[in-house]
Amino acid sequence: MKHFTLFFLSITFLLTSCGTIKVSNSDAIVEYPDVEAQYPGGAKAMSKYLANNIKYPEIAMELGDQGRVFVEFVIEKDGSISNVRVLRGVSNEIDAESVRVVSNMKNWTPAIYKRKYVRARARIPINYILE
């Protein structure tokens, strides 16, 4: 019976250690994770979220401002978003709207590095086109 108990405990340990992803103790941002952070539902769902939530600023429309804003942010270990900033913008109003809409995104699936959830950087372009 002792052999069975030890065998059972070793199998249980093996199964739990293989299937679990832990949270990293480090606060470092991993530039090249093994698995990238992902918006729930993927790129299509993120495009839909952006289309449904961006409010084109009135002043930007009046001035004819349009273009592509590049936004960078950090996906935290719990999937939340922090440190949102514009890398390349169009105008103050459009840049501010981009930061607002990205800051309000729901939690992402965090990045994984060495079988642990880690902080990772993400960058996305947001297009503003007047028709």
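In this predicted model, Glu97 is buried, with a relative accessible area of 10%, which places it below the 20% limit used for that label. Its partner in a salt bridge is Arg100, and the closest N and O atoms of the two are 2.6 Å apart. Arg100 is partly exposed, its relative accessible area being 31%. Both residues belong to helix 4, where they sit 3 residues apart, or about one turn of the helix. Side chains of opposite charge can pair when their charged atoms come close.

The count of salt bridges comes to 7. Another of them joins the side chains of Arg121 and Glu31, at 2.9 Å from N to O. Here the partners come from separate parts of the chain: Arg121 lies in strand 6, while Glu31 lies in the loop between strand 2 (29-30) and helix 2, so this pair ties together parts that are 90 residues apart in sequence. Arg121 has a relative accessibility of 25% and therefore counts as partly exposed. Glu31 also falls in the partly exposed class, at 38%.

Arg121 has a further partner in Glu72, with the closest N and O atoms 4.0 Å apart. Because Arg121 lies in strand 6 and Glu72 in strand 3, this salt bridge ties together parts that are 49 residues apart in sequence. Glu72 is buried, with a relative accessible area of 5%. These contacts can be followed further still, as Glu31, Glu72, Arg85, Arg121 and Arg123 are linked in a network of salt bridges.

The nonpolar residues come next. In soluble globular proteins, nonpolar side chains tend to be buried together. The largest nonpolar core of this model has 25 residues, and the members that touch the most others are Leu50, Phe73, Val102, Met105, Trp108, Ile124 and Ile126. Helix 2 (42-53), strand 3 (67-75), helix 4 (92-103) and strand 6 (116-128) each supply at least two residues of the core. Strand 6 gives the largest share, with 6 residues.

Phe73 offers a good place to look around this region. Leaving aside residues up to four places away in sequence, Phe73 touches Ile81, Ser82, Asn83, Val84, Val102, Trp108, Ala120, Arg121, Ala122 and Ile124. Among these neighbours are Val102, Trp108 and Ile124, which are also listed with Phe73 among the core members that touch the most others. Arg121 appears among the contacts of Phe73 too, and this arginine is the partner of Glu31 and of Glu72 in the salt bridges described above.

Notes. Residues numbered from 1 in each chain as written. Predicted model: local features only at pLDDT ≥ 70, side-chain atom pairs only at ≥ 80, totals over all residues. Heavy atoms only, no water. Core = buried A, V, L, I, M, F, W, Y, C linked by side-chain atoms within 4.5 Å. Buried < 20%, exposed > 50% of the residue type's maximum accessible area, 1.4 Å probe, protein only. Helix = DSSP H or I, 4+ residues; strand = E, 2+ residues; numbered from the N terminus. Contact = heavy atoms within 4.5 Å.
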